[in-house]
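Okay, everyone, thanks for coming. Let's put the model up on the screen and walk through a few corners of it together.

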Amino acid sequence: MTVEKTGRIIWHDLLTGDRQRSMSFYQRVAGWTYQTEHATDFAWGGGEKDFVLALSEDEAGAGFAETPPEMTNGWIAYVEVLDVDATVALAEMLGGTIVRQPFEVPGVGRNALLRDPLGALIGVSISRHSYPVPQRQFGTEVYVSDTLSFPDEFYSELFDWNISPPPVGDQSGLLVTGPSGEDVAVVLPGKSPTDAQAVWVPAIKVAHPITSLNDASALGGESFNELMAKPAQQHGSFIRDPDGALLCLLQA
């Protein structure tokens, strides 16, 4: 872990029921390539299993894993913290829920999974690898909330995030910045197509959003832009992949 990563989204995992189909989907839609690594004590289920790294050119910022029985298909974003265990304890005090207690990922770091007070799933991590914060694959993360609400105190206390309202007359959403002033997320109005009141959605950078949207549709993706308020629709193309994972296609 390096201090400059603290408070930033440093990784994404995709939990999928059909890893090969997901790999084909993101290869065509986002232009990603893949590198398979073998784990002797796999973080999602234990034992010897393969883990797929998703790359944009030489940048590795995501991994694909088969969805374990206790989880559902979807993307998980991880925020770098100084102490995973202390962060988990604080999250409970602030009204969050522990989905998975802190666990080791051999050679990678220590992670945990939480739900915030509105039910959005978020991961916390202390990384022990050399990968930088991914900037080529992912843009500013999107928090979709049906009332444009955001658990300010929860995230401010956990990650030292700051939340700024948009300028007067601008209904595009709230801006979330990290401890060093970098943009971390945007909170957009919309109805989460999940059981939760709110959901974190990765913004995946693509060169040609319309082409990628058409490719996604041809491969079984489905738009949920209609659930978003009009200002949020202008942010990017919100879709479900063939496994039901939510994502936003963003102009690179």
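So, Gln251: you'll find this residue in strand E17. Before I go on, this is a predicted model, where local features need pLDDT of at least 70 and side-chain atom pairs count only at pLDDT 80 or more, while totals for chains, interfaces and linings use all residues. Residues are numbered from 1 along each chain as its sequence is written, and side-chain values use heavy atoms, with hydrogens and water left out. Helices (H or I, at least four residues) and strands (E, at least two) are DSSP runs, numbered from the N terminus.

Is Gln251 buried or exposed? Neither, really: Gln251 is partly exposed, at 47% relative accessible area. On that scale, buried means under 20%, exposed means over 50%, and partly exposed is in between, using a 1.4 Å probe and protein chains only. As for the strand around it, five of the six residues of E17 are buried, so E17 is largely enclosed by the rest of the structure.

What does Gln251 touch? Leaving out residues up to four places away in sequence, Gln251 is in contact with Val206, Ala207 and Pro209, where contact means heavy atoms within 4.5 Å. Its side chain also reaches the backbone oxygen of Ala207 at 3.0 Å.

Now zoom out to the sheet. It's an open one with four strands in the order E14-E17-E16-E15, and the pairing is mixed. Two strands pair here if DSSP finds at least two bridges between them. The edge strands, each pairing on one side only, are E14 (203-206) and E15 (222-223). Helix H1 (residues 19-30) packs on this sheet and touches E14, E16 and E17, with its direction at about 55 degrees to that of E14. Those angles run from 0 to 180 degrees between N-to-C directions, and the axes are lines fitted to C-alpha atoms, for helices over the stretch in contact. Helix H4 (residues 209-218) lies across E14, E16 and E17 too, running at about 150 degrees to E17.

How do the neighbours of E17 run? E14 and E17 are parallel, joined by four bridges, and Val206 stands opposite our Gln251. E16 (residues 237-240) is joined to E17 (residues 246-251) by four bridges as well, but that pair is antiparallel. There, Arg240 stands opposite Leu246, and Phe238 has Cys248 as its bridge partner. E16 and E17 make a hairpin with five residues between them, and Gly244 in the turn has a positive phi of about 95 degrees.

Speaking of positive phi, Asp160 has one near 60 degrees without being a glycine. Asp160 is in the loop between helix H3 (152-159) and strand E10 (162-164), and counts as partly exposed because its relative accessibility is 45%.

Last stop, the rings. Rings of Phe, Tyr and Trp (its six-membered ring) pair if their centres lie within 6.5 Å; planes under 30 degrees apart count as stacked, over 60 as edge-to-face and the rest as tilted. By that rule there are 22 aromatic pairs. One of them is Phe159 with Trp161, tilted, 4.9 Å centre to centre and 50 degrees between the planes. Trp161 also pairs with Trp200, edge-to-face, at 6.0 Å and 75 degrees. That second pair links distant parts of the chain: Trp161 is in the loop between H3 and E10, while Trp200 is in strand E13 (residues 198-201), 39 residues apart. Trp161 counts as buried at 1%, and Trp200 is buried at 5%.

Technical notes
A polar contact is a pair of N or O atoms within 3.5 Å; within protein, one must be able to donate a hydrogen and the other to accept it, and residues adjacent in sequence count only if both atoms are side-chain atoms.
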